Amino acid sequence: MKYLLLGYTSAAAWDAATADVPSPEALAAFAVYQRFERELIDTGELVSTEGLGHPAVSTTVHRTPDGMVATDGPFAELKEVLASFAVIDVADRERAVEIASRIVEVLGEPIEIRPIMSEDFTA
């Protein structure tokens, strides 16, 4: 079963993390995460993972009475922002929780686990 792991961080932490020079702690956490990624590649459980651009450079498309409008920036102001995602293909929810727990242990930020719906729209 495939799951989407959504990595969130606080807006303040995001700004600090995107400073010109990453902190030694951030570099160490990213190195541990990269080793974990390689483990999941080796087990065949990692489908894809990516970090996301800063929310300030995002675009939101929404419907208005006059049609579709694209606006700069996120749709809503949030205390936490979506920072990354990974798609995993694992045996069950318990394995997805185990993987997400390891990521949270390394990075310290929450991970949301969402099942990916199959072709027949079942999770």
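Helix α2 has 20 residues, and because a rise of 1.5 Å a residue should give a span of 28 Å, the 29 Å between its end C-alpha atoms agrees with expectation; the expected span is taken as 1.5 Å times one less than the number of residues. This is a predicted model, in which local features need pLDDT of at least 70 and side-chain atom pairs count only at pLDDT 80 or more, while totals for chains, interfaces and linings use all residues. Residues are numbered from 1 along each chain as its sequence is written, and side-chain values use heavy atoms, with hydrogens and water left out.

The buried residues of α2 are Ala29, Tyr33, Phe36 and Leu40, where buried means under 20% relative accessible area, exposed means over 50%, and partly exposed lies in between, with a 1.4 Å probe and protein chains only. These buried residues cover an arc of only 60 degrees around the axis, which puts them on the same side of α2; the arc is that of the directions from the helix axis to the C-beta atoms. An α-helix has 3.6 residues a turn, so residues three or four places apart point the same way. Among the elements that cover the buried residues of α2 are β2, β5 (80–89) and α3, whereas the face of α2 turned away from its buried side carries the exposed residues Pro24, Ile41 and Asp42.

After α2 comes Gly44, whose phi is positive, near 80 degrees. Glu45 is found in the loop between α2 (24–43) and β2 (46–51), and at 12% relative accessibility Glu45 counts as buried. Not counting residues up to four places away in sequence, Glu45 touches Leu40, Val87, Ile88, Asp89, Val90, Arg95 and Ile99, a contact being heavy atoms within 4.5 Å.

One of these neighbours, Arg95, forms a salt bridge with Glu45, the closest N and O atoms being 2.7 Å apart. The pair links distant parts of the chain, since Arg95 belongs to helix α3 and Glu45 to the loop between α2 and β2, 50 residues apart. A salt bridge is here a side-chain nitrogen of Lys or Arg within 4 Å of a carboxyl oxygen of Asp or Glu. Both Arg95 and Glu45 are buried. Arg95 also forms a salt bridge with Glu98, with closest N and O atoms 2.5 Å apart; these two residues both lie in helix α3, three residues apart, about one turn of the helix. Glu98 is partly exposed, with a relative accessible area of 43%. Salt bridges that share partners thus join Glu45, Arg95 and Glu98 into one network.

A search of the whole structure finds four salt bridges, and among them is that of Arg102 with Glu39, whose closest N and O atoms are 3.1 Å apart. This pair too links distant parts of the chain, with Arg102 in helix α3 (residues 93–107) and Glu39 in helix α2, 63 residues apart. Arg102 counts as partly exposed at 33% relative accessibility, and Glu39 is partly exposed with a relative accessible area of 36%.

For the protein as a whole, there are three helices and six strands, which run β-α-α-β-β-β-β-α-β from the N terminus on; helices (H or I, at least four residues) and strands (E, at least two) are DSSP runs, numbered from the N terminus. Of the 123 residues, 22% count as buried. Among contacts with a separation of 6 or more, 75% are between residues 24 or more positions apart.
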